[in-house]
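Here are my notes on the model, set out point by point. Please read them with the structure open.

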Amino acid sequence: MMPPAEDEQSTVEGGEGVGGFALLRALKSSSARKGCDPFAQTQRSKLQHRRARINQQINKEMRMRAGAENLFRATSNHKVKETVALELSYVNSNLQLLKEELEELNSCMDVYQNDSESISVPMIPLGLKETKELDLLVPLKDFISEHYGEEGVMFEKEIKEFMELRQAMRTPSRNEAGLELLMEYYNQLYFLDSRFFPPSKSLGVFFHWYDSLTGVPSHQRALAFEKGSVLFNIGALHTQIGARQDRASLPGLNQAIDAFQKAAGAFNYLKENFSNAPSLDMSTASLNMLVRLMVAQVQECVFEKVTLLHAQKDFLTWLQLAQEAARVEDVYLLVHQTMTQAHVKDYVPFSWTTMVHVKSEHFKALSHYFAAIALCDCPAASDAELPEHEKAFLQFHITMPEGPSLRVLLQDPEERRKLGKAHLKKAIMKHEEAMRIHGLCKILRKMDILQEVLSFAHKRSLSKYSEIDHEEDFFETGDAPDIHPKTHQKPEIKSPSFSQVKVTDLFHRLGPLSVFSAKNKWYPMRRVHLMRGENGFGFTLRGDSPVLIAGVIPGGCAAEAGLKEGDYIILVNGKDCRWSKHAEVVQLLKSTGEEGVEIGVITLQGSEGPKAVEKKAAAMSSSSGLLKSNKENSRKSLMNSKSASTLLVWNKKSKRSKNSTYSIPFTAVGDNEAMY
């Protein structure tokens with residue numbers, strides 16, 4: 001269940017600087033579509049519009065720099081070189097300022113948080129990738145005319161509907177409807193790929209997308225780049241939905257956990273199935289960092305959930321909280337290490353790296369604070385409780401603390417106080433380190449909520465230390481061992497469930513994909529007039545949508561009329577039969593009178609003859625089984641047929657056997673074959 005509906009209009013992302021013409025077009029094409037609202041004037045939408053404007057300025061400056069660099073290399077005139085060098089320094093200075101402005105936008109985490117009065121540590125969300133408008137009307141009409149032999153103008157409605165869907169998905173609302181809109185478009189891209197993107201030929205359309213963090217533009221002809229960018233936005237939208245939840249309540253925490261797990265799944269799916277992305281935000285190193293960041297934020301929500309569930313806290317509960325906090329510290333430390341690697345360090349906003357480092361130190365401090373509370377505020381273990389407490393404490397520290405035996409430690413209040421004091425000392429040191437790191441980042445210093453959380457935790461530890469510190473303590477406080485990280489709920493990386501959003505092929509009028517696809521070629525339709533003989537028409541039919549002529553009797557009516565094995569019946573007496581079932585075609589043939597029947601047939605190029613029919617039957621059997629398997633695995637294999645020159649392709653591990661196909665299958669291949 002998502003948060004109240006009132007937020008749907010006030011939580012919109014996207015839009016490439018929707019102003020002027022673009023704004024009017026967006027209003028006409030997408031404002032009425034569910035899950036899309038390009039006009040919500042909120043902080044988040046204004047932030048995304050500013051991001052779009054900066055993206056365009058970066059694109060302009062980079063084009064100017066490329067032109068200046070070319071001129072600098074080409075000219076031999078010394079004065080021209082000096083002028084161009086001065087221009088280059090000016091352009092580079094502008095680019096640096098724009099990138100700093102964009103980094104500041106990407107660091108505006110507080111805008112994405114919820115409006116609850118409760119104090120929660122902010123989460124890190126991602127802004128959406130921006131894209132340019134795309135006009136597919138002419139390219140698709142031309143392809144329909146050239147490849148399918150149909151009048152392209154007859155499919156203008158379908159093409160415009162697809163373009164409207166693309167326009168709408170640029171500004172998804174920050175809720176479940178927005179996610180469904182992105183999923184719907186992603187699923188439609190499968191049909192677009194199958195219909196209009198042949199393996200050996202480019203459609204001549206470029207897909208333009210801007211890097212989510214740097215604003216650097218990239219473009220490719222490969223539809224895989226479009227798919228990958230939409231998938232990235234699905235993950236980014238999940239991060240924003242996760243960040244907006246009220247984590248002071250159990251439903252809000254569960255929704256945040258679910259959203260961040262799904263974000264991790266989207267980025268992980270993108271990492272495993274796409275390679276050689278032209279933009280840094282979709283590189284393996286960046287996606288690996290994002291997956292780890294989402295997992296860490298899930299772990300932080302799990303810690304908050306445990307805190308919320310255990311209102312009444314005893315010794316074992318405090319130990320559990322300490323270990324949960326240590327686990328959060330552990331995963332954030334891993335994220336920080338990933339963010340400071342060579343390929344990621346200069347790309348990730350400094351505020352993100354600092355935030356992750358602060359959280360790592362903060363949760364380490366909390367783990368030691370909770371350990372101290374367990375030892376100092378809870379009564380010594382009774383004889384009945386001792387075995388259970390001993391078992392828990394044996395697994396609590398990474399190395400056992402020096403001093404008395406475990407039994408004495410748990411039952412002697414003074415020994416418990418000494419160890420608790422050591423834990424508090426370490427907690428205070430880590431709190432101070434977290435505050436020091438926080439102070440290094442100008443953007444984080446402006447974040448009042450984070451400052452308040454860190455300050456409160458630090459003062460709480462100092463207060464507790466003063467409370468248990470005795471004037472007569474002459475012993476030197478030892479160094480408390482680190483706490484063994486442990487969680488009762490491991491984060492789950494949830495891959496996108498594309499099948500949840502059902503879509504219908506917008507271009508289904510072109511015919512079943514098993515035959516009428518971009519990868520297949522066929523000869524022009526032949527019209528054949530058949531008369532029924534004493535033994536029928538003299539052919540064997542098989543399959544559905546479209547029905548296949550599996551065999552032709554030599555000397556029969558069909559053979560004399562010029563029909564061949566491997567022909568597909570797509571017309572019977574003027575009725576379009578491309579989507580007709582086997583029984584429907586048979587009924588049409590049987591209902592003919594003495595005047596005979598006129599049928600239209602096509603033959604796939606390279607599929608003539610009996611052997612081809614056998615191969616087709618095998619392929620049909622394979623595809624029947626395939627549709628029962630995971631839908632996305634079949635999508636992966638589709639991309640393997642792309643030419644090697646494509647920069648962005650599906651990963652090699654996605655390959656299937658050569659015999660498999662993602663065609664819409666013929667049903668009951670063997671059972672419904674019959675002679676007519």
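1. Start with the cation-ring contacts. The charged end of Lys129 sits over the ring of Phe232, 5.7 Å from the ring centre. Lys313 does likewise with Trp318: its charged end lies over that ring, 5.7 Å from the centre. Keep in mind that this is a predicted model.

2. Next, the aromatic pairs. The structure holds 20 of them. One is Phe315 with Phe393, a stacked pair with 6.3 Å centre to centre and 25° between the planes. Phe315 belongs to helix 10 (residues 315-339) and Phe393 to helix 13 (residues 386-394), so the pair ties together parts that are 78 residues apart in sequence. Are these two rings buried or exposed? Phe315 is buried, at 3% relative accessibility. Phe393 is buried too, at 0%.

3. There is also an aromatic cluster. Phe143, Tyr148, Phe196, Phe507, Phe516 and Trp522 make it up.

4. Salt bridges come next. A search of the whole structure finds 26. Arg509 and Glu158 form one of them, at 2.7 Å from N to O. Arg509 is in the loop between helix 17 (448-468) and strand 4 (526-530), while Glu158 is in helix 5 (residues 156-169), so this bridge ties together parts that are 351 residues apart in sequence. The two ends differ in cover. Arg509 is partly exposed, with 36% relative accessibility. Glu158 is buried, with 9%.

5. Two further bridges involve helix 6. In one, Lys227 meets Asp193, with the closest N and O atoms 3.6 Å apart. Lys227 is in helix 7 (residues 223-243) and Asp193 in helix 6 (residues 176-196), so the description of distant parts of the chain applies, at 34 residues apart. Lys227 has a relative accessible area of 1% and is buried. Asp193 is buried as well, with 3%.

6. The other bridge joins Arg195 and Asp505, at 2.5 Å from N to O. This pair also links distant parts of the chain: Arg195 is in helix 6, Asp505 is in the loop between helix 17 and strand 4, and they are 310 residues apart. Both Arg195 and Asp505 are buried. Elsewhere, Lys364, Lys426, Asp479 and Asp482 are joined into one network by salt bridges that share partners.

7. Another lysine deserves a look. Lys421 is located in helix 15 (residues 413-439). Its relative accessibility is 4%, which counts as buried. The C-alpha atoms of Lys421 and Ala371 are 9.8 Å apart, with their positions 50 residues apart along the chain.

8. Now helix 19 (residues 582-590). Which of its residues are buried? They are His582, Val585, Val586 and Leu589. These cover an arc of only 100° around the axis, so they sit on the same side of helix 19. Ala583 and Gln587 are exposed on the other side. The general background is simple: an α-helix has 3.6 residues a turn, so residues three or four places apart point the same way.

9. On the surface, Leu250, Leu308 and Leu309 make a nonpolar patch of about 240 Å². Leu309 is in helix 9 (residues 284-309). Its relative accessible area is 48%, so Leu309 counts as partly exposed.

10. Check the backbone around Ser545. The peptide bond from Ser545 to Pro546 is cis, with omega near -5°. Pro546 lies in the loop between strand 5 (539-542) and strand 6 (547-552). Ser545 is in that loop too. Ser545 also has a positive phi, about 40°, although it is not a glycine. At 11% relative accessibility, Ser545 is buried.

11. Asn573 is another residue other than glycine with a positive phi, near 50°. Its place is the loop between strand 7 (567-572) and strand 8 (575-576). What is the cover of Asn573? Asn573 is partly exposed, with a relative accessible area of 48%.

Conventions
Residues numbered from 1 in each chain as written. Predicted model: local features only at pLDDT ≥ 70, side-chain atom pairs only at ≥ 80, totals over all residues. Heavy atoms only, no water. Phe/Tyr/Trp six-rings, centres within 6.5 Å; stacked < 30°, edge-to-face > 60°. Helix = DSSP H or I, 4+ residues; strand = E, 2+ residues; numbered from the N terminus. Buried < 20%, exposed > 50% of the residue type's maximum accessible area, 1.4 Å probe, protein only. Lys NZ or Arg CZ within 6 Å of the ring centre and 35° of its normal. Patch = residues over 30% accessible without salt bridge, like charges linked within 9 Å, V, L, I, M, F, W, Y side chains within 5 Å. Areas by Shrake-Rupley, 256 points an atom, 1.4 Å probe, with all protein chains shown as cover. Salt bridge = Lys/Arg side-chain N within 4 Å of Asp/Glu carboxyl O. Arc of directions from axis to C-beta.
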